[in-house]
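This briefing covers selected features of the structure shown below. Points are grouped by topic.

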Number of protein chains: 2
Amino acid sequence: MITKIDHLGIAVNNLEESVEYYEKALGLHCHGREEVASQKVKTAFFEAGDVHIELLEPTSDDSPIAKFLEKNGEGIHHIAFAVDDIAGQLKQASAAGVRLIHEVPFDGAANKLVAFLHPKSTHGVLTEFCMPKK
Amino acid sequence: MITKIDHLGIAVNNLEESVEYYEKALGLHCHGREEVASQKVKTAFFEAGDVHIELLEPTSDDSPIAKFLEKNGEGIHHIAFAVDDIAGQLKQASAAGVRLIHEVPFDGAANKLVAFLHPKSTHGVLTEFCMPKK
């Protein structure tokens, strides 16, 4: 079951400029930064209610985020739903005809298991499921 | 102050097909539908935690959503932040150099005051502020 939206991933060209926008223009507080080598991005985190906003700047031209920016420009990259049974959730999506990017969840940031659905079968929204590891 | 994410607006080509996806593949429950004549859209609503997901299908070729779909295809159209002082929030954004689509909030759906920031000055994310009317 989907319990909430865990986070929104937003692709940006320049992390510092975007952090400044989220802080000064929106008044949100940046509560962390992290470089994720496996995804070739550096990130900054904000909270709005119980949803995290994750800004993503590519650190390399072959980062998935670099490719997204090239094609679409800055904008919302993905939505991550917190689920209570990630294997069951993937099975339900697959049974409904959704193409899975990951058939098996893998270790994501913040000690969570994560998996993505393909945006071609989610009506244009790159969709992540995530669940805290037991 | 931003208190939470109120809703995400997602542009879709066909409301019925997308409702089926959100229900069957994601297991979310559609708790309402509405046609908004002023925006030339028909909508369907879901909840994930305390965030609403609003699917938007244009009812006319000159709907803002029709233009978005033509340019970008299906995907997340806007993010709406719930705020406790919409006039103050717009003033803060403007002072930080953000271009406002609406200088003065107007009556939106669900008895709320709403106003939008221009995506050219929000790093690609069409951003709405909304606040319940007193």
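Over all chains, this predicted model holds 4 aromatic pairs. Tyr21(A) and Tyr22(A) form one of them, an edge-to-face pair with 5.0 Å centre to centre and 85 degrees between the planes. The notes below take the aromatic residues, the nonpolar core, one helix of chain A and one strand of chain B in turn.

**Aromatic pairs**
- Tyr21(A) and Tyr22(A) are buried, and ring pairs link them with Phe46(A) into a cluster.
- In chain B, Tyr21(B) and Tyr22(B) make an edge-to-face aromatic pair, at 5.0 Å centre to centre with 85 degrees between the planes.
- Tyr21(B) and Tyr22(B) are both buried.

**Nonpolar core**
- The largest nonpolar core has 66 residues.
- Tyr22(A), Phe81(A), Phe129(A), Tyr22(B) and Phe129(B) are the residues with the most contacts inside this core.
- Setting aside neighbours within four places in sequence, Phe81(A) touches residues of chain A, including Ile2(A), Ile5(A), Phe129(A) and Cys130(A).
- Phe81(A) is also in contact with Leu26(B), Ala48(B) and Ile53(B).

**Helix H2 of chain A**
- Which residues of H2(A) are buried? In this helix, residues 64–72, they are Ile65(A), Ala66(A), Phe68(A) and Leu69(A).
- These residues lie on the same side of H2(A), because they cover an arc of only 160 degrees around the axis.
- The buried residues of H2(A) pack against four strands of chain A: S1 (2–11), S3 (41–48), S4 (51–58) and S5 (75–83).
- Lys67(A), Glu70(A) and Lys71(A) are exposed, on the face of H2(A) turned away from its buried side.
- At the start of H2(A), a side-chain oxygen of Ser63(A) comes to within 3.1 Å of the backbone nitrogen of Ile65(A).
- Gly73(A) follows H2(A) and has a positive phi, near 80 degrees.

**Strand S3 of chain B**
- S3(B), residues 41–48, is mostly covered, with 6 of its 8 residues buried.
- Strand S2 (residues 32–36) of chain B runs antiparallel to S3(B), and 5 bridges join the two.
- In this pairing Gly32(B) stands opposite Phe45(B).
- The hairpin of S2(B) and S3(B) has 4 residues between the strands, and in it Lys40(B) takes a positive phi near 55 degrees.
- S3(B) also runs antiparallel to S4(B), residues 51–58, through 8 bridges.
- Glu47(B) of S3(B) stands opposite His52(B) in S4(B).
- With 2 residues between the strands, the hairpin of S3(B) and S4(B) includes Gly49(B), whose phi is positive, near 60 degrees.

Methods. Residues are numbered from 1 along each chain as its sequence is written. Chains are lettered from A and ligands numbered from 1 in the order in which they are written. This is a predicted model: local features need pLDDT of at least 70, side-chain atom pairs count only at pLDDT 80 or more; totals for chains, interfaces and linings use all residues. Side-chain values use heavy atoms; hydrogens and water are left out. Buried means under 20% relative accessible area, exposed over 50%, partly exposed in between (1.4 Å probe, protein chains only). The arc is that of the directions from the helix axis to the C-beta atoms. Contact means heavy atoms within 4.5 Å. A polar contact is a pair of N or O atoms within 3.5 Å; within protein, one must be able to donate a hydrogen and the other to accept it, and residues adjacent in sequence count only if both atoms are side-chain atoms. Two strands pair if DSSP finds at least two bridges between them. A nonpolar core is a set of buried Ala, Val, Leu, Ile, Met, Phe, Trp, Tyr and Cys residues joined through side-chain atoms within 4.5 Å. Rings of Phe, Tyr and Trp (its six-membered ring) pair if their centres lie within 6.5 Å; planes under 30 degrees apart count as stacked, over 60 as edge-to-face and the rest as tilted.
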